[in-house]
Amino acid sequence: MTTIRLPRKATVLLAGLVLAALAGCGSADKGPAEALGTKGAAQPAKVPAAPPGLPGMPPLLDPHDVYAADRPNKLSPVVKDFPSRIYVPNTNSNTVSVIDPATYQVIDTIPVGVQPQHVVPSWDMKTLWVNNNRGHTLTPINPATGEAGQPVEVHDPYNLYFTPNGKYAVVMASLDKELVFRDPHTMDRVKTVPVSCFGVNHADFSADGRYFIVSCEFSGELLKVDTERMEVVGQQKLPFEGAMPQDVKVSPDGKTFYVADMMAHGMWVLSGDTFETPKLLPTGKGCHGLYVSRDSKEMYVSNRGEGTVSVFNFPQNKLTKKWELPDGGSPDMGGVSADGKVLWLSGRYNDEVYAIDTVTGKQLARVPVGGGPHGLAVYPQPGRYSLGHTGIFR
């Protein structure tokens with residue numbers, strides 16, 4: 001038998017052809033490496049998904065209920081020793097009336113700046129800020145003692161909110177046409193966001209805190225604002241001639257936003273995620289303030305123009321009751337008592353405050369206060385931190 005010796009280069013070439021043939025014998029679904037038993041090679045690392053909520057925001061106690069921390073008398077250790085009081089800013093008197101809810105009596109009157117609009121709990125719940133809109137100041141009140149501190153200069157503070165992570169205060173500078181992000185403690189300006197709508201005034205945040213919806217009262221518009229970027233990412237005109245949107249509130253499941261409208265006489269209903277064109281749900285003349293019950297099942301809707309309160313049922317997705325104030329009135333802004341049994345509302349054009357039973361809808365008291373009472377704060381309230389306004393707690 002004759003042995004054929006191949007040159008070295010030919011031998012190398014033949015070996016390569018054999019390997020290629022073996023690779024070709026693998027399954028059509030498998031690559032060469034897998035066919036040759038080298039499947040264990042390292043795979044490219046997956047890019048981690050962005051966290052679901054705003055960085056630094058305390059996680060919701062219940063992902064299906066943004067108000068789960070607001071149950072009756074579930075007071076934070078920060079506020080549990082504060083005396084229960086109703087703080088009423090009187091826009092025409094430049095004062096804050098302090099009511100003892102146990103007696104329905106005014107027990108103190110605090111002088112503040114020009115045209116106080118709202119009394120706003122700070123994010124850490126240790127301070128109440130009085131928004132002196134035309135005085136261009138914020139007056140701090142210590143809720144432990146009821147004493148006012150030195151005013152802080154802040155231009156055009158019509159309303160005040162706090163980002164869910166406590167990183168910024170957000171001043172609704174209505175006449176300045178600005179959203180002003182500030183340090184939540186010193187109130188130093190961090191970023192000014194000019195807006196093209198007129199009368200920015202009320203807002204609420206998405207369940208994950210990544211955006212908030214703002215109402216523009218004087219141009220009938222809504223804004224969607226990216227919380228972390230501090231930028232307007234959406235804007236739309238409400239589909240009603242002469243619309244005047246007011247208070248904003250998100251549903252317990254975080255899927256729906258409700259916007260009170262005092263000229264459309266009802267609530268606009270929309271998805272905040274899609275920022276779709278909203279639909280109107282009529283409630284009553286002068287629809288103005290929106291307040292969620294302690295069990296997250298109902299929302300109280302003040303109809304300032306007719307002296308009534310409508311009750312919206314979240315599980316049933318409809319209005320179920322309407323309460324009428326005896327002798328009429330102008331129910332405006334307010335809040336719910338810590339135990340959930342009393343709804344407190346200012347009587348904007350009647351220089352009084354109303355206490356309403358949340359079970360029966362009956363008026364419990366009508367308390368005379370200063371001129372033009374507006375955004376009163378019930379304090380303390382349950383919750384872990386405040387998003388601002390007259391008390392939006394999570």
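In which sense do strand S10 and strand S11 pair, and over how many bridges? In this predicted model, strand S10 (residues 169-173) is joined to strand S11 (residues 178-182) by antiparallel pairing over 5 bridges. Within this pairing, Val 171 stands opposite Val 180 in S11.

Both strands belong to an open sheet of 4 strands, in the order S9-S10-S11-S12, with antiparallel pairing. Strand S9 (159-162) and strand S12 (189-194) form the edges, each pairing on one side only. From one strand to the next, the twist averages 20°.

The internal voids form a second topic. A search of the whole structure yields 2 cavities of 30 Å³ or more. Their volumes and the classes of their lining residues are tabulated below.

| Cavity | Volume | Nonpolar lining residues | Polar lining residues | Charged lining residues |
|---|---|---|---|---|
| Largest | about 180 Å³ | 7 | 6 | 3 |
| Second largest | about 30 Å³ | 7 | 1 | 1 |

The lining of the largest cavity comprises 16 residues, and those lying nearest its centre are Asp 70, Val 292, Arg 294, Gln 381 and Gly 391. Strand S21 (287-292) and strand S25 (331-336) each contribute at least two residues to the lining of the largest cavity.

The second largest cavity is lined by Met 57, Leu 60, Pro 164, Phe 205, Ser 206, Ala 207, Tyr 385, Leu 387 and Arg 394. By class, this lining has 7 nonpolar residues, with 1 polar and 1 charged residue besides.

Note on methods
Residues numbered from 1 in each chain as written. Predicted model: local features only at pLDDT ≥ 70, side-chain atom pairs only at ≥ 80, totals over all residues. Heavy atoms only, no water. Pairing = 2+ DSSP bridges. Axes fitted to C-alpha atoms, helices over the stretch in contact; angles between N-to-C directions. 1 Å grid on protein atoms, 1.4 Å probe; cavity = no way out; pocket = protein on both sides within 12 Å on 5 of 7 lines; lining within 4 Å. Points joined across faces, edges and corners; volume = space filled by probe spheres on them. Nonpolar A, V, L, I, M, F, W, Y, C, P; charged D, E, K, R; others polar.
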